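User: I would like a close look at the aromatic side chains and what lies around them. Please keep it plain and give the cut-offs as you go.

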Amino acid sequence: MSCCEGREREDAAQGSILYSILNTGARGHLDTAAAQQLCSCASKRRLVSIRAPQLVFKAASEVLVKTIRFVKNVPCFRGLPAGDQLRLVRYSWAPLLVLGMVQDSVDFDTVETHQPSLLHTILTHSTGRRQRTPTEIRDPGVPVSDAEGIKTFLVRCRGLRISVKEYAFLKGAILFTPDVTELECREYVQALHREAERALYEHVRTARFGRLRAVLHALRSMDPEAVAGLFFRPVTGSCSIDEHVLAMFHER
């Protein structure tokens, strides 16, 4: 018998500005209190990591570079205040990256890892004077459900055979998301978001639009921590992924 029995956690949009640009441009439930009381059984939950982290990191980084380049080349985006640009990039980099991995046919395999037990963690930290190696401080992995969710999404999207224009419209709808807090030009971003979705609908005009809307919904629910933990943290360690992304954004 387990030692714990808790359960886990302006339609106008400035006419058709964005449409024209994209069309012709770049091709159970756990409450917090209960969670804090879970015993060491929680440490046995299944975690996975990338089988070939260096190779996948290189491929994911290349996709991220292309993604940032796409974002910076959208005139509507460049016209936004610098603060809004940074907020939008910080909020959307993970779903944009995963969509770019679909487009570039980047795949990955995982291997199961094990989160260190509470006793192991205490003993490791208590050794004090010994310098810990990069292997010892490496992130143990991400929940298998997150990794499988991303992998399933990649496979499902490839089955849709998304066209270059559809990718552009999807990226526009993800980038210009009004859900970001503290936007200076929120109404304009909302209008651009609606324009991107309208452009997608005008391009498709079939039941396929519903399937592509489902892709958008799945992308918006992507956990940036899971994406970072899977593709970047095994190589970058404890470095902030946000800072890595923003550094790439500021590069000329």
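How many aromatic pairs does a search of the whole structure find?

Analyst: A search of the whole structure finds 5 aromatic pairs. Rings of Phe, Tyr and Trp (its six-membered ring) are paired if their centres lie within 6.5 Å; planes under 30 degrees apart are called stacked, over 60 edge-to-face, and the rest tilted. This is a predicted model, in which local features need pLDDT of at least 70 and side-chain atom pairs count only at pLDDT 80 or more, while totals for chains, interfaces and linings use all residues. Residues are numbered from 1 along each chain as its sequence is written, and side-chain values use heavy atoms, with hydrogens and water left out.

A pair of aromatic rings is described by the distance of the centres and the angle of the planes. For phenylalanine 57 and phenylalanine 232 the ring centres are 5.8 Å apart and the planes are at 85°, so this pair is edge-to-face. Phenylalanine 57 belongs to helix H3 (residues 53-72) and phenylalanine 232 to the loop between helix H12 (224-231) and helix H13 (233-236), so the pair ties together parts that are 175 residues apart in sequence. Helices (H or I, at least four residues) and strands (E, at least two) are DSSP runs, numbered from the N terminus. Both phenylalanine 57 and phenylalanine 232 are buried. Buried means under 20% relative accessible area, exposed over 50%, and partly exposed in between (1.4 Å probe, protein chains only).

The rings of phenylalanine 77 and phenylalanine 249 have planes at 90° and centres 6.1 Å apart, so they too form an edge-to-face pair. This pair links distant parts of the chain, with phenylalanine 77 in helix H4 (residues 75-78) and phenylalanine 249 in helix H14 (residues 241-250), 172 residues apart. Phenylalanine 77 and phenylalanine 249 are both buried.

Phenylalanine 249 has a further neighbour: lysine 72 lies over the face of its ring, at 5.7 Å from the ring centre. A charge sits over a ring if NZ of Lys or CZ of Arg is within 6 Å of the ring centre and within 35 degrees of the ring normal. Another such contact is made by lysine 171, whose charged end sits over the ring of phenylalanine 70, 5.1 Å from the centre.

Phenylalanine 57 and phenylalanine 232 also join Trp93 in one aromatic cluster. Trp93 leads on to the largest cavity, since it is among the lining residues, together with Thr67, Ile68, Val71, Val89, Ser92 and Leu96. The volume of this cavity is about 30 Å³. On a 1 Å grid over the protein atoms alone, a cavity is a set of points where a 1.4 Å probe fits but cannot get out, and a pocket is an open set with protein on both sides within 12 Å along at least five of seven lines; lining residues have an atom within 4 Å of a point. Grid points are joined across faces, edges and corners, and a volume is the space filled by probe spheres set on the points. H3 and helix H5 (82-103) each supply at least two residues of the lining of the largest cavity, and H5 gives the largest share, 4 residues. The lining divides into 5 nonpolar residues, 2 polar and no charged. Here Ala, Val, Leu, Ile, Met, Phe, Trp, Tyr, Cys and Pro count as nonpolar, Asp, Glu, Lys and Arg as charged, and the others, Gly among them, as polar.

Some loop residues complete the picture. Leucine 80 is in the loop between H4 and H5 and is buried, with a relative accessible area of 4%. The C-alpha atoms of leucine 80 and leucine 183 are 9.8 Å apart in space, although the two residues are 103 apart in sequence. Methionine 222 is placed in the loop between H11 and H12, and at 13% relative accessibility methionine 222 counts as buried. Its C-alpha atom is separated by 8.7 Å from that of valine 98, 124 residues away along the chain.

Glutamate 182 is found in the loop between helix H9 (164-175) and H10. Glutamate 182 is exposed, at 61% relative accessible area, and has a positive phi of about 65° although it is not a glycine.

On cysteines, a search of the whole structure finds 0 disulfides (a disulfide is a pair of cysteine sulfur atoms within 2.5 Å). Cysteine 76 counts as buried at 5% relative accessibility, whereas cysteine 185 counts as partly exposed at 25%.
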